[in-house]
Amino acid sequence: MDFKLSGEDLLQVKCNLLVLGRFEGEVIKGPVKRVDEALGGALSRISQEEKFNGEIGKGVMINTLGKIRAERVLLIGLGKKQKFSSDVLRKAGIFTAKRAKPFSESIAFGFAVDGKKENASALIEGIMLGGYEFNKYKTNDKKWEGIKNVKFVSSGIRERNFKEDLEYASIISEATNFARDLINEPPVVLTPTKLSETAKEIALKEKLECKIFGKEEMEKKGMGGLLAVSRGSDEPPKFIHLTYKPKGSIKKAVAVVGKGITFDSGGLCIKPRDSMRTMKGDMAGAACVLGVMKVISRLKPPIKVHGLISATENMPGARAYKPDDIIRALNGKTIEVIDTDAEGRIVLSDALSYAMELKVDEIVDLATLTGACVVALGDYTAGVMGNNERLINRIIKAAKLAGEKVWQLPMDDELRKEIESDVADVKNVGSRFGGAITAAMFLEKFVGDTPWAHLDIAGPAFIEKGGEWYPKGATGFGVRTIIRYLLS
Ligand code: BES
Ligand code: MN
Ligand code: ZN
């Protein structure tokens, strides 16, 4: 995609799609009015007919029939003027990219974007993310090649900032769409081995350190959790460790940990068929880690970043781990298995213990961990929990800036007894109630005193039906929040 600033006259801009904006409830005026007049009042007429008043998520599109040089005009809603923000612009970008399908290759934006610093990059990010489609396995459909050129006309964006804004938006969009692609791949393709090969490729290209542990190394190290979960599968498990080291002085070290279950059948506590669908997305946390590590050396934060992934399938094979098993995690703690479908926390126990061994200053994990979190917060919001309010607040702030929704759930001490075991240090499930919280409390046992935050992304990571601001399937949720956090 090519992005340019332009000072052309709106009526003279040659493009497939001219995008104009309108605040909610405001009369058509300014540049919109000029275009409307050139089109003989068609824009205001169709707005009236379709009862379009400038609401966010709505818009009208018309063909200009050659009356101006743009082939079509899309008038989009920018919502209430007082609420205008970078988030609105991100949505405007997504809305435009979706509506641009399947005709428009060249687009011109004809409204003011100026104001806050992050505005331009939010709009560009929206355009880059909104056009995403996972269509590589469609053999017949004519594929939409996407938007090629974008111009910002009289946008108020300053030339000097523009390069930087464009660069940032491109980086985070590339990382997000990369994660989406990994998650959307079918589980027969995206195995733990494939995940580890992808990590190796990233490391080679981006000059990161890369360690991959196979079964033997895991046994030597004592990663009993990951090994136990992997036993029911024919696919070999992998533990992935990528490291980014900044060139200059190192301010601190953080670990970003991802759950990498490339398919979650539930294991012996097998899922019903309807719940099993979309479980290729159970490695979304891992994909997020890889997305972040793929671009981190271009963002150059002055911190050391470890990307850690526990990757395996959760299958009910003949050697599968069982309810009643007791397993020993890397940090020596023992886990009583109640339910083999609560496998995410078990594989993460080793990854978090490993992060502890690295003596990092902060740990953040991302995991499609519990259905309970989806029940609590719905499809579009991730739960955030942890042992350190300051770190949690930084994550919440980063998510806000990134335009991703997260909500803190309470680590209610009264729930802690739910995961006490009679025969081991901890058991892997509590009761049905507060399931997202007790899952986090399980993880907490493996981070010691290290400041740690946990994002339960079970809802927003994979949205089968899509959403206004999301593609169908994988969303890449978390990538942008983590990048913001690493830069904070
Ligand atoms: N991967 C699932 C959680 C999940 C559910 C992710 C829905 C995305 C959408 C996880 O491994 C799981 O199966 N959790 C169980 C835990 C239960 C057995 C305590 C669940 O949520 O039902
Ligand atoms: Mn499960
Ligand atoms: Zn799972």
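The exercises below, each with a worked solution, concern a predicted model.

**Exercise 1. The manganese site**

Identify the donors of the manganese ion (ligand 2) and classify the geometry of its site.

Solution. Step one is to list the donor atoms. The manganese ion (ligand 2) takes OD of Asp-264, both O and OD of Asp-341, and OE of Glu-343, at 2.1 to 2.2 Å. Step two is to place these residues along the chain: the spacing reads D-x76-D-x1-E. Step three is the geometry. The six donor atoms make angles of 71 to 170° with one another, and the site of the manganese ion (ligand 2) is irregular. Step four is the exposure of two of the donors. Asp-341 has a relative accessible area of 23% and is therefore partly exposed, since buried requires under 20%. Glu-343, at 0%, counts as buried.

**Exercise 2. The zinc site and the shared ligand**

Describe the coordination of the zinc ion (ligand 3), and state which residue bridges the zinc ion and the manganese ion (ligand 2).

Solution. Begin with the donors: NZ of Lys-259, OD of Asp-264, OD of Asp-282 and OE of Glu-343 coordinate the zinc ion (ligand 3) at 2.0 to 2.4 Å. Their spacing in sequence is K-x4-D-x17-D-x60-E. For the geometry, the angles among the six donor atoms run from 78 to 174°, and the site of the zinc ion (ligand 3) is octahedral. The bridging residue is Asp-264, with the two ions 3.1 Å apart. Next, locate two of the zinc donors. Asp-264 belongs to strand E9 (residues 253–264), whereas Asp-282 is in the loop between helix H9 (273–276) and helix H10 (284–299); the pair links distant parts of the chain, 18 residues apart. Both Asp-264 and Asp-282 are buried.

**Exercise 3. An aromatic pair**

Classify the ring pair formed by Phe-213 and Phe-239, and say which strands hold the two residues.

Solution. Start from the total: the model has eleven aromatic pairs. In the pair of Phe-213 and Phe-239, the centres are 5.7 Å apart and the planes are at 35°. An angle under 30 degrees would count as stacked and one over 60 as edge-to-face, and this pair is tilted. Phe-213 lies in strand E7 (residues 209–213) and Phe-239 in strand E8 (residues 238–244), so the contact ties together parts 26 residues apart in sequence. As for burial, the relative accessible area of Phe-213 is 10%, which makes it buried; Phe-239 is buried too, at 0%.

**Exercise 4. Further ring contacts**

State which residues are linked by ring pairs into a cluster, and which ring lies under Arg-22.

Solution. The cluster consists of Phe-3, Phe-109, Phe-111, Phe-152 and Phe-162. Arg-22 lies over the face of Phe-52, 5.6 Å from the ring centre. A further charge over a ring is found at Phe-178, where the charged end of Lys-294 sits 4.8 Å from the centre.

**Exercise 5. Strand E5 and its neighbours**

Work out which way the side chains of strand E5 (residues 106–109) point, and in what sense E5 pairs with strand E2 (residues 15–22) and strand E6 (residues 149–153).

Solution. In a regular strand, side chains alternate between the two faces of the sheet. In E5, Ser-106 and Ala-108 point one way, Ile-107 and Phe-109 the other way, and all are buried. E5 pairs with E2 in the parallel sense over three bridges, and with E6 in the parallel sense over four. Ile-107 takes part on both sides: its bridge partner in E2 is Leu-17, and in E6 it stands opposite Val-150.

**Exercise 6. Helix H4**

Compare the span of helix H4 (residues 119–130) with the expected value, and decide how far the helix is enclosed.

Solution. At 1.5 Å a residue, the twelve residues should span 16 Å, and the end C-alpha atoms of H4 are 16 Å apart, which agrees. Twelve of the twelve residues are buried, so H4 is largely enclosed by the rest of the structure. Among them are Asn-119, Glu-125 and Gly-130.

**Exercise 7. Backbone details**

Where is Pro-102 located, and what is the phi value of Ser-154 and of Asp-324?

Solution. Pro-102 is in the loop between helix H3 (86–100) and E5, and the peptide bond leading to it from Lys-101 is cis, with omega near -5°. Ser-154 has a positive phi, near 45°; this residue sits in the loop between E6 and helix H5 (159–184) and is exposed, at 54%. Asp-324 has a positive phi near 85°. Its loop runs between strand E10 (304–314) and strand E11 (326–328), and Asp-324 is exposed, with a relative accessible area of 64%.

Methods: Residues numbered from 1 in each chain as written. Chains lettered and ligands numbered in written order. Predicted model: local features only at pLDDT ≥ 70, side-chain atom pairs only at ≥ 80, totals over all residues. Heavy atoms only, no water. Donors = N, O, S within 2.8 Å, 3.2 Å for Na, K, Ca; no water. Tetrahedral: all angles 85-135°; square planar, octahedral: opposite > 155°, others 65-115°. Buried < 20%, exposed > 50% of the residue type's maximum accessible area, 1.4 Å probe, protein only. Phe/Tyr/Trp six-rings, centres within 6.5 Å; stacked < 30°, edge-to-face > 60°. Lys NZ or Arg CZ within 6 Å of the ring centre and 35° of its normal. Pairing = 2+ DSSP bridges. Expected span 1.5 Å × (residues − 1).
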